[in-house]
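Hi there,

Here is the structure I promised to pass on. Have a look at it first, and my notes follow below.

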Amino acid sequence: MAERRATSAAESVPDDWPARPELSLALNRMGCFDWDLDSGLMYVDPPALGVLGMTADQYDGHPSSLGRTLPTTETARLDAVVSQALKDGSERYSTYVRVRHEDGEQSWVHTQATIQRDETGRPYRIIGIFRDAPGEPGGESGRPDLAEERIRVTSVVERVTAILAHARTVPDVIDVLNDARALGHLGLASVILGLVEGGRIHIVAEGQLGQPIPEFDWTGIDDPFPMSEVVRTLKPRFIETRQDFATSYPVLWPHLDPLGVSRAAYLPLIAQGRPIATLGLLYKDKEGFGAEERNLIVTLGTSIAQGLQRAMLFEQEHDLAEGLQQAMLPRRIPAIPGTHIAVRYRSARIGRDIGGDWYDVIPLPGGRVGVAVGDVQGHDTHASAVMGQLRIVLRAYAAEGHSPSTVMARASIFLHELDTDRFATCAYGEVDPPTGMVHLVRAGHIDPLLRHTDGTCRRLPLAGGLPLGLSAEFRRLEYPVTTVELDPGETLLMCTDGLVEVPGADLDDGIQQLTQIVRDGPYDIQQLAEKLCAVVEDRGGEDDMALLLLRRRGTDVPQSSGKLQQHVAQGDPDALSSARHMIRAALRAWGAGERTDDIELVADELMTNALLHTDGPAVVTVRMLTGYERRLRVEVEDTSSTLPRRREAGESGVSGRGLLLVDRLADVWGVESRGGGKVVWCEFVCPPRAAGQLSRP
């Protein structure tokens with residue numbers, strides 16, 4: 001009979017009975033983790049990620065990425081629990097943390113783990129679980145009364161002190177005081193924090209552990225309230241009976257009586273001998289304050305005062321550093337004909353950290369414009385100061401007419417000779433809006449992006465050189481120039497790494513994500529700049545960021561319909577002949593008409609002068625500009641910094657007539673310095689192009 005009953009029971013159970021462990025864990029909202037302390041990697045299984053409100057693609061294998069769903073105070077408290085367990089030789093730890101979900105709601109999660117140690121006692125591995133724990137610790141949810149839930153007041157002081165060590169702003173301190181897990185074991189009904197500001201007390205936190213206390217948001221130091229009293233006397237006030245409350249503070253007591261408050265402790269929070277705030281601890285059903293408990297509460301007040309003062313100093317220093325950096329950035333961006341420009345700067349949002357990121361827009365001779373973004377190493381006021389000096393000298397070198405490579409080399413030498421150990425990365429471009437030509441150099445910086453008129457976006461790979469300062473130290477001052485052409489409507493994007501650094505991803509992945517964001521972003525560059533700033537803030541804003549967008553306009557400026565360039569070496573008649581042939585072909589193709597002979601004669605004169613009167617080669621460039629009128633521009637660049645001057649040749653002179661000829665035949669001409677050399681240029685107004693005529697040679 002027993003055998004028949006066993007057989008019958010076996011036939012009635014489910015096919016997958018008994019349930020596998022992973023099924024049991026998942027159904028009960030519980031998951032596992034395995035943390036290798038040597039490598040820093042932590043495996044978290046999918047059920048555990050679900051308990052924490054995360055998906056597998058949001059987790060990169062490092063414990064720090066779990067912090068995206070934990071409030072700052074919870075992350076700090078969990079770190080403190082784990083650190084203490086590792087330090088004191090514990091074999092396991094257990095604690096509760098709050099998890100913040102995407103909808104803004106919060107829930108409790110319990111975690112416990114076993115710490116594995118080697119023969120010397122060194123911890124090398126932590127294996128544990130995360131499980132969903134509805135309700136609050138120790139509340140009516142039926143949560144087990146674990147040892148952690150029965151910690152004594154001394155443990156509360158230690159815990160709060162550890163958490164406050166991570167608080168960098170006043171809101172961080174307020175979060176700690178509003179946290180039921182931080183002060184809940186004191187049996188409090190409510191916590192009130194008031195900041196002393198301008199002779200008044202401003203209530204900034206109240207009632208998170210129970211019903212809010214309807215005390216005035218602003219009260220005077222001379223008002224009949226306990227907070228005002230402790231600020232005046234600089235002494236704590238312990239209220240042990242309801243009668244004491246009603247008699248001493250008749251204005252406040254009617255608001256507290258309905259809430260069941262029976263006892264209270266009010267503490268002045270003193271820093272450097274002056275009250276900066278006041279703390280109120282309100283209780284229900286408390287018998288009184290013993291001598292030891294009073295001392296511990298006063299110690300708690302001292303700890304909170306130190307954390308609050310530290311947070312205030314962080315905020316003040318951050319505001320000072322941010323103001324310093326903002327003062328060193330350009331106050332306004334000049335209007336450059338033929339371009340739309342947008343710039344943005346966002347400082348780091350964590351504590352006082354401030355960096356050396358900058359942008360600049362530099363008007364140059366001939367309607368050209370220099371654009372730069374850079375980042376000085378470090379996150380402090382010294383980085384900002386170095387940034388300001390470096391930006392000024394880079395602007396000066398560019399405005400002098402030096403080539404982009406020379407600008408970078410000289411800026412590197414300046415930084416190396418400056419009394420600092422900082423280096424800097426930088427990207428600099430020289431843009432000619434009429435032609436769309438952009439000459440770019442890079443010093444250890446990330447590559448710029450180019451957004452086309454159809455919305456597609458691509459990375460511009462630049463050869464680049466070493467960061468500024470380092471290239472001078474190692475005597476590697478070569479900065480190759482990359483030339484690209486901006487068509488009307490195309491946008492150049494230059495930024496610092498704060499825009500592309502994504503937690504858990506390498507730099508290439510970050511640039512790829514940025515490319516996608518730019519591709520999908522709005523066409524208006526001001527709106528696009530705001531969207532990119534919002535992306536940085538959504539990531540947490542842990543680094544500062546500088547951004548510059550330049551779009552070439554398609555109307556109301558001369559536009560290039562062609563460009564040809566030829567390198568002419570010293571003593572190479574074939575190269576000179578080839579350059580003449582190139583010019584002749586361009587004039588025929590572009591329809592120079594009756595100006596053809598004049599242009600050929602002037603171009604030949606400029607090339608010959610460059611080869612005769614300098615020791616190096618020449619580069620001749622011919623381009624057609626179209627706009628209000630068609631103008632053909634000839635440029636001859638050489639390596640001599642000596643500027644040409646016009647002089648009279650005399651009746652029997654055989655030389656000296658070159659610039660006179662240029663002045664007579666060209667509509668306009670001039671000379672520009674280019675680094676160690678110069679460019680002599682001239683322009684000719686050409687007749688309108690006939691219908692069907694070729695636009696390019």
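How many bridges join strand β14 to β15, and do they run parallel or antiparallel? Eight bridges link β14 (residues 369-376) to β15, and the two strands run antiparallel. Please keep in mind that this is a predicted model.

Let me stay with β15 for a moment. Within its pairing to β14, Gly-370 stands opposite Glu-430. β15 also pairs with strand β16 (residues 437-443), again in the antiparallel sense, over six bridges. There, Asp-432 of β15 is found opposite Met-437 in β16. β15 and β16 make a hairpin with four residues between them, and Gly-436 in the turn has a positive phi of about 80°.

Nine of the nine residues of β15 (residues 424-432) are buried, so this strand is largely enclosed by the rest of the structure. In a regular strand, side chains alternate between the two faces of the sheet. In β15, Ala-424, Cys-426, Tyr-428, Glu-430 and Asp-432 point one way, while Thr-425, Ala-427, Gly-429 and Val-431 point the other way, and all are buried.

Another sheet you may like is an open one of five strands, in the order β2-β1-β5-β4-β3 with antiparallel pairing. Its edge strands are β2 (42-44) and β3 (92-100), each of which pairs on one side only. From one strand to the next, the twist averages 20°. β3 is joined to β4 (residues 106-117) by nine bridges, and these two strands run antiparallel. Val-99 stands opposite Ser-107 in β4.

Now to the aromatic rings, where the count comes to three pairs. Phe-33 and Phe-130 have ring centres 5.0 Å apart and planes at 40°, so this pair is tilted. Phe-33 lies in strand β1 (residues 30-36) and Phe-130 in strand β5 (residues 123-132), so the pair ties together parts that are 97 residues apart in sequence. Both Phe-33 and Phe-130 are buried.

The rings of Phe-245 and Tyr-249 have their centres 6.3 Å apart with planes at 70°, so that pair is edge-to-face. Phe-245 is buried, at a relative accessible area of 0%, and Tyr-249 counts as buried at 2%. Together with Trp-253, Phe-245 and Tyr-249 form one aromatic cluster.

Finally, two arginines are worth a look. The charged end of Arg-551 sits over the ring of Tyr-523, 3.8 Å from its centre. That of Arg-633 sits over the ring of Trp-681, 4.4 Å from the ring centre.

Happy browsing, and best wishes!

How values were computed: Residues numbered from 1 in each chain as written. Heavy atoms only, no water. Phe/Tyr/Trp six-rings, centres within 6.5 Å; stacked < 30°, edge-to-face > 60°. Buried < 20%, exposed > 50% of the residue type's maximum accessible area, 1.4 Å probe, protein only. Lys NZ or Arg CZ within 6 Å of the ring centre and 35° of its normal. Pairing = 2+ DSSP bridges. Axes fitted to C-alpha atoms, helices over the stretch in contact; angles between N-to-C directions.
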